[in-house]
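This briefing is meant to be read beside the sequence and the coordinates. It takes up helix packing, aromatic pairs, and a few loop residues in turn.

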Amino acid sequence: MRGSNHVGMRQFNERIVLQAIRHHGAIPKADLARLTQLSTQTVAIIVGRLLDDGLLLKQDRVRGKIGQPSVPLSLNPQGAFSVGIQVGRRNLELLVADFTGQPVDRVEVLYDYPDPDGLFASMAQGLQTLQARMGDLWPRTVGVGLTAPLSLHKWADLMGGRAAQALARWEHIDLPAEVQRLTDLPVVFAKDTTAACVAELLQGHGRSVRSFLYVFVGTFIGGGLVLSGHIMNGERGNAGAIGSLPVGLASMGSGMPPQLLQKASGWQLEQALLAAGHNPLLIHQAAIMDADYAEFTAPWIAQASQALAMTVASSAALLDLDAVVMDGSLGAPLMTALMSATQDALAQYRFDGMHQPQLLAGQVGAHARALGGALLPLHSQFFPDKDIFLKQDNP
């Protein structure tokens, strides 16, 4: 994080100062100058502007050290806000994040499948609800980060029936354009699992782990990829798209090998519960691990963990990862059991000639996709590391 003392670098230097405070927490001006390599005078001018704009707060003076008492500066949580909108196959979530990246309010709508007509109506209502709740703070909202599966219409055949018909309609819908019609705020788009990976990068393990494969287990499993502290999207937005990873060998007469999403998605467990007359949305609740459901959860965990272990081993050989971070919208006890089984299954793979990445539980949780969406406008407008989003995805 190095600034420039050149005239005309005002906005860049402001972003550098904000980034330094975001990384290091409350910090006095003298330390800011040292970290950013800006002159003391330049930092003083920048800090004055940021205080006037309401983006920074002065903390209590620190006394008892050599020299004059220092005044640490911190980000003002109410300095700016952003909205994340996550469109999923089972739910719609709208989440407001403050300037520090912490969620402060959210609205969620559950459904059996995302029917476009009902979804946009729910989205408009959700935006109105959040605006009313925020009141006088709403004008400090700087943008909307929209997240959804990159191809919402694909794999519709797995859901079948009316769900398949509704999902098929999304092939011809320009989702960002439709959302932009609902708000005056600028809308940016990212693939849902990429957005979740962004949340983990900025608010979770990414603060200490440089390179990791991110795995998010929801209705369908997906992922993201961070290498050397940067999100990797790929030319077509498919980097880290582990849901499509084959988890078997093709052979004559046996057909194509299954993809990871066919073996380790919450969808398979949902369908097993539904066939037995249970609520399929139990997979998102802690009660799913009750003994009454063991006949459904045990086979799914065994199948999913084996497929995930193969994914981890294959990815480690190709990418030289520090870690694999697993998170999801499933109930926390189910996620814990899945991680434990995956760790056990990894013992069946050889890691000769490569580094076995550490398996870590995600720190953000079930709302990572919506939170990651909310972080996109904040970081594109206020922080210099916009290149963590190396290429904006298109739906």
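What follows describes a predicted model, topic by topic.

Two helix contacts come first, one between helix 9 and helix 10, which are roughly antiparallel to each other, and one between helix 8 and helix 12, which are roughly perpendicular to each other. The aromatic pairs, of which the count comes to five, are taken up next, and the loop residues close the briefing.

**Helix 9 against helix 10**

- Two packed helices are described by the angle between their axes and the distance between the axes.
- For helix 9, which spans residues 266-275, and helix 10, which spans residues 294-319, the packing angle is about 160° and the axes are 10 Å apart.
- Because angles over 145 degrees count as roughly antiparallel, helix 9 and helix 10 are placed in that class, and helix 9 passes helix 10 in a right-handed crossing.
- On the side of helix 9 the contact is made by Gly266, Gln268, Leu269, Ala272 and Leu273, while helix 10 contributes Phe296, Thr297, Trp300 and Gln303.
- Sorted by class, the residues of this contact between helix 9 and helix 10 comprise five nonpolar and four polar residues, with no charged residue.

**Helix 8 against helix 12**

- The axes of helix 8 (residues 192-203) and helix 12 come within 7 Å, and they cross at roughly 70°.
- Since 65 to 115 degrees is the range that counts as roughly perpendicular, helix 8 and helix 12 are described in those terms.
- Helix 8 brings Asp192, Ala195, Ala196, Val198, Ala199, Leu202 and Gln203 to the contact, where they meet Ala368, Arg369, Leu371, Gly372, Gly373, Leu375 and His379 of helix 12.
- The contact of helix 8 with helix 12 divides into eight nonpolar, four polar and two charged residues.

**Aromatic pairs**

- Among the five aromatic pairs is the one formed by Phe99 and Phe382, which is edge-to-face, with 5.1 Å from centre to centre and 80° between the planes.
- Phe99 lies in the loop between strand 4 (91-97) and strand 5 (103-110), whereas Phe382 belongs to helix 12 (residues 368-382), so the pair ties together parts that are 283 residues apart in sequence.
- Phe99 and Phe382 are both buried, and ring pairs link these two residues with Phe383 into a cluster.
- Another pair joins Phe120 and Trp170, whose ring centres are 5.7 Å apart and whose planes stand at 55°, so this pair is tilted.
- Phe120 sits in helix 4 (residues 116-134) and Trp170 in the loop between helix 6 (161-169) and helix 7 (175-180), and the pair thereby links distant parts of the chain, 50 residues apart.
- Phe120 counts as buried at 15% relative accessibility, and Trp170 counts as buried at 6%.

**Loop residues and their surroundings**

- Gln262 is placed in the loop between strand 10 (230-231) and helix 9, and at 35% relative accessibility this residue counts as partly exposed.
- Leaving aside residues up to four places away in sequence, Gln262 touches Gln268 and Gln303, both of which also take part in the contact of helix 9 with helix 10.
- Gln262 and Ile221 are 41 residues apart in sequence, and their C-alpha atoms are 8.7 Å apart in space.
- Gly365 lies in the loop between strand 12 (358-361) and helix 12, and with a relative accessible area of 17% Gly365 is buried.
- Not counting residues up to four places away in sequence, Gly365 touches Phe216, Asp327 and Gly328.
- The C-alpha atoms of Gly365 and Ala313 are separated by 24 Å, the two residues being 52 residues apart along the chain.

**Positive phi angles**

- Most residues other than glycine have a negative phi.
- Gln37, in the loop between helix 2 (29-36) and helix 3 (40-52), has a phi near 60°, a positive value in a residue other than glycine.
- With a relative accessible area of 45%, Gln37 is partly exposed.
- Ser228, in the loop between strand 9 (221-227) and strand 10, has a positive phi as well, near 55°.
- Ser228 counts as partly exposed at 44% relative accessibility.

Conventions: Residues numbered from 1 in each chain as written. Predicted model: local features only at pLDDT ≥ 70, side-chain atom pairs only at ≥ 80, totals over all residues. Heavy atoms only, no water. Axes fitted to C-alpha atoms, helices over the stretch in contact; angles between N-to-C directions. Helix = DSSP H or I, 4+ residues; strand = E, 2+ residues; numbered from the N terminus. Parallel < 35°, antiparallel > 145°, perpendicular 65-115°, else oblique. Left-handed = near helix turned anticlockwise from the far one by under 90°. Contact = heavy atoms within 4.5 Å. Nonpolar A, V, L, I, M, F, W, Y, C, P; charged D, E, K, R; others polar. Phe/Tyr/Trp six-rings, centres within 6.5 Å; stacked < 30°, edge-to-face > 60°. Buried < 20%, exposed > 50% of the residue type's maximum accessible area, 1.4 Å probe, protein only.
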